[in-house]
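I opened this entry to keep track of what I looked up, one item at a time. The notes follow the order in which I checked things.

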Amino acid sequence: MPASNEELLDRARALAPAIKARAAQTESLRQIHDDTLRELLDAGLIQMLVPRRWGGAEADLRAVFGVVDAISSACVSSGWIAAFYICHNIYVAKLSPRAQEEMFGPRGYVLMPGANAPTMTARRVPGGWEVAG
């Protein structure tokens, strides 16, 4: 059974001391510490916005903000990456069932980059595409 919003927040708070202890090393590495990422995954935090049918919690945004705040309070860099990974799972949840199967099926979450440009436009032109925004 997926964790509740409060359970997810409790898990983030429980991880905060270890994340804080690695904060300087995280900054030195210039990337999230491998142990931190593994702990976030094991706690089900990266999967917060994954649909329940794939094992995620379908958490609400208030819970996501609380989790990101708890992690960021320990290490702002780790909080940034956690937010990035948590929120990008929602992109996959909006894809077709076949695409979701392909992306969520193997492990129940994705660690992927993503970009959002709501004012961007693209139109086909001779020889390719014209992109603006």
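I began with methionine 120, which sits in the loop between α6 (97-104) and β1 (121-125). The model is a predicted one, and I kept that in mind throughout.

I looked up the accessibility of methionine 120 next. Its relative accessible area is 44%. I noted it as partly exposed, because that value falls between the 20% limit for buried and the 50% limit for exposed. I then asked which residues form a nonpolar patch on the surface with Met120. They are Trp129 and Val131, and the three together have about 340 Å² of accessible area.

**Overall layout**

I stepped back to the whole chain. I found 6 helices and 2 strands. Read from the N terminus, the order is α-α-α-α-α-α-β-β. The C-alpha trace spans about 55 × 35 × 25 Å along its principal axes.

I also took down the surface figures. The protein chain has an accessible surface of about 8,200 Å², and carbon and sulfur atoms make up 55% of that. The chain has 133 residues, of which 40% count as buried. For contacts with a separation of 6 or more, I noted that 54% join residues 24 or more positions apart.

**The core**

In soluble globular proteins, nonpolar side chains tend to be buried together. I looked for such a grouping here. The largest nonpolar core has 38 residues. Among those with the most contacts inside it I listed Leu8, Leu40, Leu45, Met48 and Ile71. At least two core residues come from each of α1 (5-21), α3 (34-42), α4 (61-74) and α5 (76-93). Which helix gives the largest share of this core? It is α4, with 7 residues.

I followed isoleucine 71 further. Setting aside neighbours within four places in sequence, isoleucine 71 is in contact with Ala12, Ile19, Leu40, Leu45, Ser78, Gly79 and Ala82.

**Glutamine 100**

I turned to glutamine 100, which is in helix α6. Is glutamine 100 buried or exposed? Its relative accessible area is 9%, so I entered it as buried, the limit being under 20%. I then looked for a polar partner of its side chain. A polar atom of that side chain lies 2.9 Å from the backbone oxygen of leucine 95. Beyond neighbours within four places in sequence, glutamine 100 is in contact with Pro51, Trp54, Val92, Ala93, Leu95 and Gly105.

**Positive phi values**

I checked two residues other than glycine that have a positive phi. Arginine 30 has phi near 65 degrees. I found arginine 30 in the loop between α2 (23-29) and α3, and it is exposed at 77% relative accessible area. Glutamate 58 has phi near 50 degrees. Glutamate 58 is in the loop between α3 and α4 and counts as partly exposed, at 43% relative accessibility.

**Isoleucine 81**

My last item was isoleucine 81, in helix α5. At 25% relative accessibility, isoleucine 81 counts as partly exposed, because buried would need a value under 20%. I also looked up how far its C-alpha atom is from that of proline 97. The two residues are 16 apart along the chain, and their C-alpha atoms are separated by 27 Å.

Definitions and conventions:
Residues numbered from 1 in each chain as written. Predicted model: local features only at pLDDT ≥ 70, side-chain atom pairs only at ≥ 80, totals over all residues. Heavy atoms only, no water. Patch = residues over 30% accessible without salt bridge, like charges linked within 9 Å, V, L, I, M, F, W, Y side chains within 5 Å. Areas by Shrake-Rupley, 256 points an atom, 1.4 Å probe, with all protein chains shown as cover. Salt bridge = Lys/Arg side-chain N within 4 Å of Asp/Glu carboxyl O. Helix = DSSP H or I, 4+ residues; strand = E, 2+ residues; numbered from the N terminus. Buried < 20%, exposed > 50% of the residue type's maximum accessible area, 1.4 Å probe, protein only. Polar contact = N/O pair within 3.5 Å; in protein donor to acceptor, adjacent residues only side chain to side chain. Contact = heavy atoms within 4.5 Å. Core = buried A, V, L, I, M, F, W, Y, C linked by side-chain atoms within 4.5 Å.
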